[in-house]
Amino acid sequence: MSNTPSALASSSGEVQELPALIFLGPPGTYSHQAAFDTFGDSVHYVAKQTIADVIKSLSSEVPFGIIPQENSTNGSVIETYNLLRCEVVGRDSFVRGETSMPIKHSLVVRQNVKIKDIEHVFSHEQALGQCKAFLNGFLPRASLVPMDSTASAARALLNPPSDSFDPLKSAAICSTVVTSLFPGLEVLRTGIQDGESNMTRFYIVSYGVDVGIPWQTPPTYQKRALIRLLPDKDSTVAWDSSRAIKALNIPISRIDRRPSLYSATFHDVYFLEVYADGGKESDVAWFDCVNQAVERLRQAGLESTVLGIW
Ligand SMILES: O=C(O)C(=O)C[C@]1(C(=O)O)C=C[C@@H](O)C=C1
């Protein structure tokens with residue numbers, strides 16, 4: 001990862017602005033690393049404080065973003081699924097692709113802090129969840145303090161969020177990359193995540209559907225789509241998954257569920273990720289297939305929105 005130039009000179013000599021890509025900052029987060037592995041020098045990177053800020057800041061001037069979606073150890077990224085309930089997703093912003101990367105966490109402290117000194121551990125809630133066995137084994141009495149991102153947690157060691165956290169009694173769970181970005185920090189333990197293979201999958205999002213994604217290497221694993229099903233807020237009939245699955249009639253790789261933004265109790269929003277069996281059809285055929293499936297859902301009385309096709 002490096003600081004990337006925001007403009008490149010084209011062969012004709014004129015300066016072309018690179019498109020902007022928003023990520024969960026500050027620099028040094030896993031989102032930043034996943035973005036850089038995927039887009040390299042083809043975009044200009046813009047850090048935001050929260051995952052919500054990434055989605056809400058997408059615009060025609062800042063058309064691309066990356067958001068964490070799921071982790072192989074700790075499951076769905078709740079903050080992301082809560083945001084996918086918002087009307088802007090599927091109307092203005094869309095999921096346009098995915099990328100995955102292995103996540104190796106470290107326990108980072110201010111220089112000379114020892115493990116016996118640690119009373120507070122800062123990190124993003126996903127990272128805290130991915131290191132449960134380490135925390136239970138080595139720091140069972142430490143208070144776990146959720147932060148907006150792993151790199152925000154590292155930064156908080158130098159600039160604590162409140163007087164109740166003594167930085168010399170605190171640690172952050174984050175990537176080792178932060179020690180080269182924030183001088184004064186050092187790695188106390190590394191590889192503290194639960195399980196051998198800890199992978200996080202990210203969604204690539206864009207403002208509008210027509211803008212081409214500036215991949216460094218175009219992916220080969222396309223033919224997926226994400227569909228949001230909204231509950232019928234007036235219905236007294238219980239949700240019936242088999243009705244949706246039957247109407248959809250394409251393979252489903254995952255189903256997520258979050259409370260709806262309506263007040264109706266237990267009328268949840270469902271997110272279905274679907275894929276083309278074999279994945280051999282053309283993009284146009286896959287778009288048609290998804291749109292026809294959504295039409296069948298609507299005819300079955302299920303309000304549905306395509307949040308992305310890739
Ligand atoms: O906090 C970060 O560094 C992030 O990029 C977020 C995030 C996540 O929410 O899943 C990304 C990858 C890891 O799973 C841990 C945290």
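Q: Quick one on terms: when do two strands pair?
A: Two strands pair if DSSP finds at least two bridges between them. Strands (E, at least two residues) and helices (H or I, at least four residues) are DSSP runs, numbered from the N terminus.

Q: And what kind of model is this?
A: This is a predicted model: local features need pLDDT of at least 70, side-chain atom pairs count only at pLDDT 80 or more, and totals for chains, interfaces and linings use all residues. Residues are numbered from 1 along each chain as its sequence is written.

Q: Which residue of strand 10 stands opposite serine 123?
A: Proline 146. Strand 9 (residues 120–123) and strand 10 pair in the parallel sense, over four bridges.

Q: What order do the strands of that open sheet take?
A: The order is 10-9-11-8-12, five strands with mixed pairing. Strand 10 (143–146) and strand 12 (185–190) are the edges, each pairing on one side only. From one strand to the next, the twist averages 30°. Angles run from 0 to 180 degrees between N-to-C directions, with axes as lines fitted to C-alpha atoms, for helices over the stretch in contact.

Q: Which strands does helix 6 touch?
A: Helix 6 (residues 150–158) packs on the sheet and touches strand 8 (106–110), strand 9, strand 11 (170–174) and strand 12. The direction of helix 6 makes about 155° with that of strand 11. Contact means that the C-beta atoms of two residues, placed from the backbone, lie within 7 Å.

Q: How many residues of helix 6 are buried?
A: Eight of its nine, so the helix is mostly covered. Buried means 20 or more other C-beta atoms within 10 Å of a residue's own; 12 or fewer is exposed, in between is partly exposed, and C-beta atoms are placed from the backbone. The buried ones are Thr150, Ala151, Ser152, Ala153, Ala154, Arg155, Ala156 and Leu157.

Q: Why does leucine 157 count as buried?
A: Leucine 157 is buried because 24 other C-beta atoms lie within 10 Å. Beyond four places in sequence, leucine 157 is in contact with Val109, Arg110, Pro167, Ser170, Ala172 and Leu185.

Q: What separates the C-alpha atoms of leucine 157 and glutamine 126?
A: 19 Å, with those positions 31 residues apart along the chain.

Q: Zooming out. How many helices and strands does the chain have?
A: Nine helices and 17 strands. The chain is as compact as a globular protein of 310 residues, because its radius of gyration is 21 Å, close to the 19 Å from the globule rule. That radius is taken over C-alpha atoms, and the rule is 2.2 Å times the number of residues to the power 0.38. Of the 310 residues, 36% count as buried.

Q: What are the domains?
A: The domain assignment gives domain 1 (16–101 + 199–207), domain 2 (106–190) and domain 3 (224–303). These bounds come from an automatic or database domain assignment. The centres of domain 1 and domain 2, over C-alpha atoms, are 24 Å apart. In contact there are 15 residues of domain 1 and 14 of domain 2. Helix 1 (30–39) and strand 5 (64–71) each supply at least two residues to the domain 1 side.

Q: Where does pLDDT stay under 50?
A: Over residues 1–13, for which the model has 18 contacts beyond four places in sequence. pLDDT is the predictor's confidence in each residue, from 0 to 100. The chain's mean pLDDT is 91, and 93% of its residues reach 70 or more. The model scores ipTM 0.99 and pTM 0.93.
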